[in-house]
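I opened this model to go through its strands, its cores and a few chosen side chains, and I kept notes as I went along.

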Amino acid sequence: MDCSLVRTLVHRYCAGEENWVDSRTIYVGHREPPPGAEAYIPQRHPDNRIVSSKYTFWNFIPKNLFEQFRRIANFYFLIIFLVQLIIDTPTSPVTSGLPLFFVITVTAIKQGYEDWLRHKADNAMNQCPVHFIQHGKLVRKQSRKLRVGDIVMVKEDETFPCDLIFLSSSRGDGTCHVTTASLDGESSHKTHYAVQDTKGFHTEEDIDSLHATIECEQPQPDLYKFVGRINVYNDRNDPVVRPLGSENLLLRGATLKNTEKIFGVAIYTGMETKMALNYQSKSQKRSAVEKSMNVFLIVYLCILISKALINTVLKYVWQSKPFRDEPWYNQKTESERQRNLFLRAFTDFLAFMVLFNYIIPVSMYVTVEMQKFLGSYFITWDEEMFDEDTGEGPLVNTSDLNEELGQVEYIFTDKTGTLTENNMEFKECCIEGHVYVPHAVCNGQVLPSTSGIDMIDSSPGAGAREREELFFRALCLCHTIQVKDDDDVDGPRKSPDSGKSCVYISSSPDEVALVEGVQRLGFTYLRLKDNYMEILNRENDVERFELLEILSFDSVRRRMSVIVKSATGEIYLFCKGADSSVFPRVIEGKVEQIRARVERNAVEGLRTLCVAYKRLVPEEYEGVCALLQAAKVALQDRERKLAEAYEQVEKDLILLGATAVEDRLQEKAADTIEALQKAGIKVWVLTGDKMETAAATCYACKLFRRNTQLLELTTKKIEEQSLHDVLFELSKTVLRHSGGLTRDNFSGLSADMQDYGLIIDGAALSLIMKPREDGSCGNYRELFLEICRNCSAVLCCRMAPLQKAQIVKLIKLSKEHPITLAIGDGANDVSMILEAHVGIGVIGKEGRQAARNSDYAVPKFKHLKKMLLVHGHFYYIRISELVQYFFYKNVCFIFPQFLYQFFCGFSQQTLYDTAYLTLYNISFTSLPILLYSLMEQHVSTDTLRRDPSLYRDIAKNALLRWRVFIYWTFLGVFDALVFFFGAYFMFENTTVTSNGQIFGNWTFGTLVFTVMVFTVTLKLALDTHYWTWINHFVIWGSLLFYVVFSLLWGGIVWPFLNYQRMYYVFIQMLSSGPAWLLIILLITVSLLPDVLKKVLCRQLWPSATERVQTKNQCFSVEQSTIFMLSQTSSSLSF
């Protein structure tokens, strides 16, 4: 058997064949091409089953266990448990096994339940009925049985069962409307187009007679990209080749609207559909708290190993004297005497590791997960963050980063739709230097007190009249707007020639604003019908233009064009786009006058577009058509070839004019930015807009103030000087005023320092990021970062989506490693949202791509203020206390065990009973800290919102720094010393009970344990500022539970135990007066240092938060005093 045969068999019988072939070929209706046609490689494709679940019935247990034991803490406790099983250890395997079993079981139940829900959803989806064509008839079968090549019929309001190439529809023009809300959240109707040669096939028989093959790319997850071509075989041998793009592709999960039915052929099924490929999770982000937690865990692991090592060494030092090594009451066997010394030492080391292993808190991970999961609901339940206009509330896509919201140092925000409303209003247009201001119109509503055309300049002469009308026609034709049908269910029937009845639908609010604006200037776009665009001119005559080509808009070219043919046979190319992309392509027109007007409008914060055109002679158009067709049908590098073709077509243009559209600032955007800056957060605006427009918006939203000195790092500046000189000049400027010291995050608001704002454009950023000839680019980057650190705000304009992500990455990886947050509303913001530590999507008008790919989503930019300054602040305070408290209470728990070894000959005797060892972290001390971490409010919500500077108290992971960690650890060590030696000194006096019995070692351990449980719980009570009945119930209830459990555990002879060492121990201890006195005294002494430290620090070195707390307490006392005095005076008056 040769290799080629093996490969063929692998191709035939293995599902992963796509790895071998770059494209796939589909036989429409499973009809093979006629003889003599090009041969294709047969391929196997999956069925149409969707599997979003992780587990099956058979692999759940092994797969889930494998995933859980990949976590280092779980794996560590598994090793300890196995050691306890294998060797003779001082504690029962139950003490490690039960907590581990509890953690693993709870996690497995949670994950299993979630996966069961996914299985239910998959089954419902896979079993839904689908209609497809078989032998010219309509057949119904389950969705999971669909195969690639099947021809499917979908009716109105049904969802597409797989990814289909649109063949024909019930509409005469071969179009259909779909909504993709379940894919990208966009509720607006999108128009898709049937293949030109198949759109006339309206019946099952017609469709079944279709003879065609489709060549397309292998499945990939991009919802907005598709490359393919269809070969339609007619009677003649040569097939007709048509390009296929995303406009011909109907995606699984989308819904058919306003179209009776469509026919399509399945090209991607099951887990190869774009929807399924988008199930794949984004890269995991880890918070700073989690990283600190893991570092602390490693420190405690080192402490554990050190303890075990010290005890092992001391044990053999202790046993160096014969009578200690082999006392008369514990004679060794012969095998024990002959056992290897190193093996004995290693066994003892493992035994000590087991004895002290509880210093590593396994239950902390479960508690942290529960805290994050339950705590995330506080954002979704927040009524103040619900937007009544849109009916949207905040979304939490991941709860792993809740506390990161309290650590943000840099915010990178988009402008359009994030800081602004993305609610466009057509303000004016400039044609040949003449300015026109139409009716004020916004989103289809004519604003009051507006009528007619207001000509700012004098009316143009007769010669310019033609250019004026050509400009208006260009705006009416150069777009991708759809007009809602007259018979649309959403509205009554209207006359198609009544301009004011038109309702425009577009994914771009700019396009709608322009078409609505030119409508008020006398030209109305009516519809696209049978590939003809109809407009109504000033004389109420309908003009028809044949739509020949659309050169689609993209963020790189920043322009779009259409090629149309008028009724007189003239062919025009109309182009509109950003001034920077249109002006270089213009060879004629009043460029200077229009440029001056564009710059003036940009300074006022208006969004500007330039409009140009050129006439094409038939021969020239044929060349253009051939060029575009060759690029469109290419299967490899289609995007690059199309871009090159567009570059060749869109040149030698004649400038007609420019438009200005206003995008209003969002409500409270300025207040939000001001509050964020007061909180010490640096705000950067990253936008694709031109510099003047973006700068005007930055002034309006108070990012730049009137006293801010603007520094420019733009292409224009670099053309005048070299990049090296510009950077050094800017660096000298900012460092001169800051005295050579780099500012911190808060210096932008300092009154005694010059306020700087930096403006940089995309081209300049490319030069900074570009490696130099010697292969290094670090120097320029470092210099750029140095300048940015000393600026209170930065504006990055003319940014491509990838450059936005580069900026975020540059700051994220700088030497300070600040926590970054990116917020945006459009697909062009997704890259920076994914790059930042925290990504927030605004649920806006540009769809929900940003919201879908973000960690959190908010309806408006203003909600960011509460999300960070209130929710983020609380999340961080709560979880940092949780982490430190867990380590503290485990030091209190295990250090007495370590001290006890010095008094029991290092015999590995345990201080506590097995039940106490097992339940300490699971039951006795777990609920109070969980509730604290969910409900604690050290200051009120209103105070945090009113005083943003409190956010600085927790900046840079302040509560999990080494100083704080060491304090909590030493506090735990101090408390442990008090517990142990306090009880030891009492027992040294041979304390007896009333009946003369002497306390034993289990009573000693129980006494230490009782003091410890009360101390760590009361320590948490002292730290609690926000008391509710739930807090009281859980804190005092957990202490009561410990007492009741101890009474039951020691008051009954349990038949399942092989020992009864705890029988009557707890009751006997409580019957002793000295024991009661000692418990109260030791608890007081243990808590005293922490109380003194809090009082002294609050009086001598109070933080901003503590000053606010003191002020609030004084205010509350004052209010209470006034109320009591008023009540007293009113009673005396009687």
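**Entry 1: an edge of the open sheet.** I began with Val396, and in this predicted model I found that its bridge partner in strand 37 is Tyr856. Strand 14 and strand 37 (residues 856–858) are joined by two bridges and run antiparallel. I then followed the sheet across, and it is an open one of nine strands with mixed pairing, in the order 14-37-36-35-15-31-34-33-32. Its edges are strand 14 (395–396) and strand 32 (709–713), each of which pairs on one side only. As a reminder to myself, strands of a sheet pair through backbone hydrogen bonds, either parallel or antiparallel.

I also looked up what lies across this sheet, and noted helix 26 (residues 801–812), which crosses strand 15 (410–413), strand 31 (682–686), strand 34 (793–797) and strand 35 (820–824). The angle between helix 26 and strand 31 is about 155 degrees.

**Entry 2: Glu403.** Where does Glu403 sit? I placed Glu403 in the loop between strand 14 and strand 15. I wanted to know whether Glu403 is buried or exposed; its relative accessible area is 1%, under the 20% cut-off, so Glu403 counts as buried. The side chain of Glu403 makes a polar contact of 2.6 Å with the side chain of Ser287. Leaving aside neighbours within four places in sequence, I listed the contacts of Glu403 as Ser287, Val289, Lys372, Gly872, Tyr875, Tyr876 and Ile879.

**Entry 3: strand 5 and its partners.** I turned next to strand 5 (residues 163–169), which is mostly covered, with seven of its seven residues buried. Strand 5 runs antiparallel to strand 13 (residues 261–268), and six bridges join the two. Strand 5 also runs antiparallel to strand 11 (residues 249–250), here with two bridges. I used Ile165 as a marker for both pairings: Ile165 stands opposite Val265 in strand 13, while its bridge partner in strand 11 is Leu249.

**Entry 4: His192.** Leu249 came up again when I looked at His192, whose place is in strand 7 (residues 186–193). A polar atom of the His192 side chain lies 3.2 Å from the backbone oxygen of Leu249, and the side chain of His192 also reaches the backbone oxygen of Glu247 at 3.2 Å. The relative accessibility of His192 is 11%, and because this is under 20%, I entered His192 as buried. Beyond its neighbours within four places in sequence, His192 is in contact with residues including Phe166, which I noted for strand 5, and Cys176, Val178, Ser246 and Leu250.

**Entry 5: the nonpolar cores.** Which residues have the most contacts inside the largest nonpolar core? I found Phe893, Tyr912, Tyr916, Phe1009 and Met1012, in a core of 99 residues. Helix 29 (residues 863–900) gives the most to this core, with 17 residues. A second, separate core has 41 residues, among them Ile431, Leu514, Val515 and Val611. In soluble globular proteins, nonpolar side chains tend to be buried together.

I then took Met1012 by itself and, not counting residues up to four places away in sequence, found that Met1012 touches Cys892, Phe893, Tyr912, Tyr920 and Phe979.

**Entry 6: Ser1086.** Phe979 reappeared among the contacts of Ser1086, which, leaving aside neighbours within four places in sequence, are Phe974, Asp975, Val978, Phe979 and Thr1015. Ser1086 belongs to helix 37 (residues 1073–1100), and a polar atom of its side chain lies 2.7 Å from the backbone oxygen of Leu1082. I recorded Ser1086 as buried, because its relative accessibility is 1% and the limit is 20%. I also checked Leu977, which is 109 residues from Ser1086 in sequence, yet the two C-alpha atoms are 9.1 Å apart in space.

**Entry 7: the protein overall.** I closed with the totals, starting with the secondary structure, which comes to 38 helices and 37 strands. Of the 1134 residues, 53% are buried. The accessible surface comes to about 51,300 Å², and carbon and sulfur atoms account for 57% of that surface. Among contacts between residues at least 6 apart in sequence, I noted that 73% join residues at least 24 apart.

Terms used: Residues numbered from 1 in each chain as written. Predicted model: local features only at pLDDT ≥ 70, side-chain atom pairs only at ≥ 80, totals over all residues. Heavy atoms only, no water. Pairing = 2+ DSSP bridges. Helix = DSSP H or I, 4+ residues; strand = E, 2+ residues; numbered from the N terminus. Contact = heavy atoms within 4.5 Å. Axes fitted to C-alpha atoms, helices over the stretch in contact; angles between N-to-C directions. Buried < 20%, exposed > 50% of the residue type's maximum accessible area, 1.4 Å probe, protein only. Areas by Shrake-Rupley, 256 points an atom, 1.4 Å probe, with all protein chains shown as cover. Core = buried A, V, L, I, M, F, W, Y, C linked by side-chain atoms within 4.5 Å. Polar contact = N/O pair within 3.5 Å; in protein donor to acceptor, adjacent residues only side chain to side chain.
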